[in-house]
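This report describes the core, the strand pairing, the ligand surroundings and selected helical residues of the model shown below.

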Amino acid sequence: MYKSLYILFVLCVFSVRMKELPEYIKKARCHIDENIEQCMKVNGNKILRQLISEGVPEFNLPSMNPLKVDFIQMINTPQLQVNVSKMEVHGLTEMTIIEAKAKPAEGVFKASLINKNITVVGKYTANGKILTFPVVGEGDFSIYLKNGLYNETVICRMVKRNGDDYLERMNIFLTANFERVVSDFRNLFNGNKQLGDQFNMLLNENWEYLISEYGPSVVQFLKNLMGNLFDSFTSNVPFKNLFLFD
Ligand SMILES: *[C@@H]1O[C@H](CO)[C@@H](O)[C@H](O)[C@H]1NC(C)=O
Ligand SMILES: *[C@@H]1O[C@H](CO)[C@@H](O)[C@H](O)[C@H]1NC(C)=O
Ligand SMILES: *[C@@H]1O[C@H](CO)[C@@H](O)[C@H](O)[C@H]1NC(C)=O
C-alpha cells in the first residue's frame with residue numbers, strides 16, 4: 001500500500017508545475033542566516049499542529065490526524081509476519097520540535113522531535129514466533145508509544161526543473177527511542193483470553209527486546225512517512241520560495 005501510494009505521489013509531482021506554499025506556512029518561512037535553526041524550531045512548532053491536522057491538499061498530502069493506512073505488511077521476517085489493516089496513528093499533532101539543524105546550502109536538515117503519546121490502533125493478522133512462542137491470531141490491536149524521541153536527518157541535493165532549483169531528497173535517517181511501549185493484541189490464540197493476556201504481558205515485559213528486533217520495520221514505516229512529508233514541500237515548491245533571502 002505504502003509503495004503504491006508513493007508511486008502515485010511521485011507521478012502526481014511530476015505532472016504538476018511549481019506550487020505556492022499555503023499562506024500560514026509562507027508566514028513561517030525562515031531567513032537563511034545564523035538564526036535559521038532557532039527560527040525553524042520556533043516557526044516549525046507554530047505550524048506543525050495545523051499542518052498535521054489539515055495536511056496540504058494542493059500537495060496531495062492528507063490529514064494525519066489520525067494518519068490512516070489501509071494495509072501494510074508491518075513485520076515480514078522468516079520468524080514472524082504481522083499484517084496490519086485499517087491502521088490509525090493518533091497523536092501526531094502533538095509532535096514538538098526540540099532542536100533543528102539546517103545547512104540549506106549543503107542540503108542537510110535535522111530535527112529532533114518529542115511526543116508523549118502516539119497511539120496506533122487497527123486490525124492485525126499474525127503468524128510466526130515471538131520470543132520462541134508460536135503466535136497466531138487476528139483481531140484488534142493497540143500500541144502506545146510513551147515519550148518518544150524522534151531524530152531525523154534528511155540529505156538533499158539541488159536539481160533544476162523548468163529553470164528553478166528544487167531540493168531533492170537523497171537519503172533519510174531516523175532513530176526513535178521510547179520510555180515505554182505498551183501493546184495489546186486482542187483475540188490471540190483463537191480468542192483464548194488467558195493465553196492472550198499472558199502473551200500480552202510477556203510482550204510488555206519484553207518491549208525493549210521487541211523494539212530492538214522489530215523496531216527497524218516500524219522505523220522504516222516512519223521514515224517513509226516523514227520522507228513523503230518532506231518531499232511534498234521540496235518537490236512542489238522551488239528552493240527560492242521555501243526560505244527567505246532578503
Ligand atoms: C494516548 O492517546 C490515546 C488516543 O490518542 C488515548 O486513548 C490514551 O488514553 C492516551 N494515553 C495516555 C497514557 O495518555
Ligand atoms: C500478509 O499479507 C501478505 C500479502 O497480502 C500475505 O501473503 C500473507 O499471507 C499475510 N500474512 C499474514 C500473517 O496474514
Ligand atoms: C537526538 O537528538 C537529541 C537532541 O538533539 C540528542 O540529545 C540525542 O542524543 C539524540 N539521540 C539520538 C539517538 O541520536
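## Strand pairing and core

Strands β3 and β4 run antiparallel and are joined by seven bridges; two strands count as paired if DSSP finds at least two bridges between them. Helices (H or I, at least four residues) and strands (E, at least two) are DSSP runs, numbered from the N terminus. This is a predicted model, in which local features need pLDDT of at least 70 and side-chain atom pairs count only at pLDDT 80 or more, while totals for chains, interfaces and linings use all residues. Residues are numbered from 1 along each chain as its sequence is written, and chains are lettered from A and ligands numbered from 1 in the order in which they are written.

Within this pairing, I97 has L113 of β4 as its bridge partner. The β3–β4 hairpin has four residues between the strands, and G107 there takes a positive phi near 75 degrees.

The largest nonpolar core contains 32 residues, and V82 and Y124 have the most contacts inside it. Two or more residues of this core come from each of α3 (36–54), β1 (67–76), β2, β3 (96–103), β4, β5 and β6. Strand β4 gives the most, with seven residues. Such a core is a set of buried Ala, Val, Leu, Ile, Met, Phe, Trp, Tyr and Cys residues joined through C-beta atoms within 7 Å. A residue is buried if 20 or more other C-beta atoms lie within 10 Å of its own, exposed if 12 or fewer, and partly exposed in between, with C-beta atoms placed from the backbone.

Leaving aside neighbours within four places in sequence, Y124 is in contact with V82, N83, V84, E138, G139, F141 and F185. Contact requires that the C-beta atoms of two residues, placed from the backbone, lie within 7 Å.

## Ligand surroundings

A residue belongs to the surroundings of a ligand if its C-beta atom, placed from the backbone, lies within 6 Å of it. Ala, Val, Leu, Ile, Met, Phe, Trp, Tyr, Cys and Pro count as nonpolar, Asp, Glu, Lys and Arg as charged, and the others, Gly among them, as polar.

| Ligand | Surrounding residues | Classes |
|---|---|---|
| Ligand 1 | H90, G91, N117, T119, Y144 | one nonpolar, four polar, no charged |
| Ligand 2 | Q73, Q81, N83, T125, A126, N127 | one nonpolar, five polar, no charged |
| Ligand 3 | E99, S112, L149, N151, T175, N177 | one nonpolar, four polar, one charged |

Around ligand 2, β2 (80–90) and β4 (108–130) each supply at least two residues, and the largest share, three residues, comes from β4. For ligand 3, the elements that give two or more residues are β5 and β6.

## Helices α4 and α5

Helix α5 (residues 207–234) bends by about 60 degrees at Y214, and the proline P216 follows within four residues. The bend is the angle between axes fitted to the seven residues ending at a position and the seven starting there. The buried residues of α5 are D231, S232 and T234, and they pack against β5 (133–161) and β6 (164–177).

Q220 also lies in α5. Q220 is partly exposed because 13 other C-beta atoms lie within 10 Å. The C-alpha atoms of Q220 and L174 are separated by 8.4 Å, although these residues are 46 residues apart along the chain.

D197 is placed in helix α4 (residues 193–205). With 12 other C-beta atoms within 10 Å, D197 is exposed. The C-alpha atoms of D197 and A105, 92 residues apart along the chain, are separated by 53 Å.
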